[in-house]
Amino acid sequence: MCGIVGYTGQCDAVETLLNGLKRLEYRGYDSAGIAVTNEQSGLQMLKTAGTVDTLEEKIQREWPTSPDQRFTSGIGHTRWATHGAPSDINAHPHLDGSGHIAVVHNGIIENHKDIHSHLEELGHTFSSETDTEVLAHLIQECYEGELLQAVCAALQKVEGAYGIAVLTDYEPEKLIVARHGSPIVLGVNDNAAMVASDAPALVTFTRRVIYLQDNDVAVVQPNDITIRNVNNVPVRREISHLDWDVTAAQKGGYEHFMLKEIYEQPESLQNTVGGRLDWDLGTAVLAGLNVTPRDIADIQRVILLACGTSLHAGLVGSFYLQDIADIPAQAEQAGEFRYRNPIITTDDLVVAVSQSGETADTLAAVREAKHKGALVSGICNVVGSSIARETERGVYLHAGPEIGVASTKAFTSQVAVMLMLALKMGRCRRLSRRHGDALCRAISTIPEAIQAVVEKDREIAEVAQKFKDLRSCFYIGRGYAYPVALEGALKLKEISYLHAEGYHAAELKHGPIALLQEDVPVVAIMTDMPGKEKTVSNVRECQARYSPVLGVRTEGDEDTADIADYEISLPDVSHYISPITTTVALQLFAYHVARLRGCDIDKPRNLAKSVTVE
Ligand code: M6R
């Protein structure tokens, strides 16, 4: 949930770390800090509650630049608080008791209380409420003259999840980094090396990267990187090429990453579906799934595991799989999955859906499903992420880096992948060639349809103006529009802080209708698809309670004309494609409401991009 960077080389470490942290701020932004060193100056640290900009101002005030005091190694962190409130003291890095060892950490040390008590008995005193400070003191306690040995010894006593970077002025040209459950990637360059929790921090530094695997510990020096496991046994890790465009990690003239990513969807969806349709057989080609037609014929059920927006995409996927592939399918909240003793059989296909590929609950659910013998696959965006690696088979989204905390382009690509999954599975089962062809045609129109929705931006912004002062609202839909209602409401609440609930349109009168009144609007998704007439009846019920209704409808559809008080009209597309078009419209609606309310759209309060704690 937080961002880590580290650097060792000949350049100015302070500047390099700040640049890296700025690229990682979407990971957490309640406090930030750096620790740096060189051959002469000992270990220096500055940290603060607030953003990376606050840290930069503090550095300019407190560390006036001096040509004699250039730091060439350092570590930095931008935090999303787990242990202890966001404050100067709780910000990372954390020092050991001697002030010679600094640690930045993502994840949670679960046995930190036991280690804390033990270290207190040995005379250690602590200034913060964090588990990370406990780790720094533990490394000090294990130190016998070599940082690598101390870190390995300390990590052997630690339970929980971590991605860490450690710096000491005893060995100033060296960083020790390690991962167990929280990602660390190394950037390789000539005469310098950089480390980070996420690749976007590295894109301007190098394209040559090494993804650490769980239990790896790396010694990172300007001209040398060696990797071993916590038991000190050397391991080999391949260098991968980061094929992201540098501009993908920049705003490129847009006011917010979220808006940029909404606008990118015609292209990101083209990248998701491009080359994956087999027009000869009327099916989809998902090579990474690595399943034979015989395997598919044997699958009795599909379980989609995910959290948040990815769960909503999973719900759309479960509808596709039942409708198109004729196979029982269910989307499940990954956070609950392993705690309720799920009944899994070897005939089940479990699909983990995750943009980041690092969500702790989804990863744990994957492990449970694997343990119970299911065929487990992943639908991830981040290449080489933990879920992608643990599932060993799956489909990448190819949507490009998603920086905005509110997920947008990942959702639409996830839905497109699930439609292709249903097509592929359907064609291996009972779906006819004719239906397969029709679906291929529908899928190939997605980028163009989304372009048409994006072009309605100004119109949607005008509608948003009418809703910017609402207190609370409901989103309703049926069938494919139901997960869209959930996703539309989630988008609005996370970036505008307005209370919004997504409901199945039929559920409204089973309770929530009691809340409807003049100042509680309803967003009704009633595009042209099965069940639309019933949603129209529900709209009338809402209006009878004086709720203003915003109808999201299909252009030219007479059944929904002149019904809603306000409307967003979208292009006429196959009902299989409409979850994508309608969601993009609702992303724009949420974006404009939040913008008009003056919210910090790319840094919504209390949120972080990837949730690597339970
Ligand atoms: O990286 P993942 O897709 O696994 O993340 C799951 C959720 O944390 C994520 O979708 C979250 O709900 C977003 N903030 C939604 O915009």
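**Exercise 1. Polar contact and salt bridge between domain 1 and domain 2**

Task: State how many residue pairs are in polar contact between domain 1 and domain 2, and identify the side chains that meet in a salt bridge.

Solution.
Step 1. In this predicted model, the count between domain 1 and domain 2 is one residue pair in polar contact, with both residues at pLDDT 80 or more.
Step 2. By class, the side of domain 1 that touches domain 2 comprises nine nonpolar, two polar and two charged residues.
Step 3. One salt bridge is found across the interface of domain 1 and domain 2.
Step 4. A salt bridge joins the side chains of Arg367 and Asp214, at 3.7 Å from N to O. The cut-off for a salt bridge is 4 Å, so this pair qualifies.
Step 5. Asp214 falls in domain 1 (2-249) and Arg367 in domain 2 (251-444).

**Exercise 2. Extent of the interface**

Task: Describe the separation of domain 1 and domain 2 and the area buried between them.

Solution.
Step 1. The distance between the C-alpha centres of domain 1 and domain 2 is 34 Å.
Step 2. Contacts involve 13 residues of domain 1 and 11 residues of domain 2.
Step 3. About 1,100 Å² is buried between the two domains, and 56% of it lies on carbon and sulfur atoms.

**Exercise 3. The ligand site**

Task: Determine which residues come nearest to the ligand and what share of its area the protein buries.

Solution.
Step 1. The ligand has 14 residues around it, of which Ser310, Ser354, Ser356, Thr359 and Glu494 come nearest.
Step 2. Ser310 places a polar side-chain atom 2.6 Å from an oxygen atom of the ligand.
Step 3. Gln355 has a backbone N or O atom 2.7 Å from a ligand oxygen atom, while for Val405 a backbone N or O atom lies 3.3 Å from a ligand nitrogen atom.
Step 4. The ligand taken alone exposes 410 Å², and the protein buries 91% of that.

Conventions:
Residues are numbered from 1 along each chain as its sequence is written. This is a predicted model: local features need pLDDT of at least 70, side-chain atom pairs count only at pLDDT 80 or more; totals for chains, interfaces and linings use all residues. Side-chain values use heavy atoms; hydrogens and water are left out. Domain bounds come from an automatic or database domain assignment. Contact means heavy atoms within 4.5 Å. Buried area is the accessible area (1.4 Å probe) that two parts lose on being put together, summed over both. A polar contact is a pair of N or O atoms within 3.5 Å; within protein, one must be able to donate a hydrogen and the other to accept it, and residues adjacent in sequence count only if both atoms are side-chain atoms. Ala, Val, Leu, Ile, Met, Phe, Trp, Tyr, Cys and Pro count as nonpolar, Asp, Glu, Lys and Arg as charged, and the others, Gly among them, as polar. A residue is near a molecule or strand if one of its heavy atoms lies within 4 Å of it. Accessible areas come from the Shrake-Rupley method with a 1.4 Å probe; for residues, only the protein chains shown count as cover.
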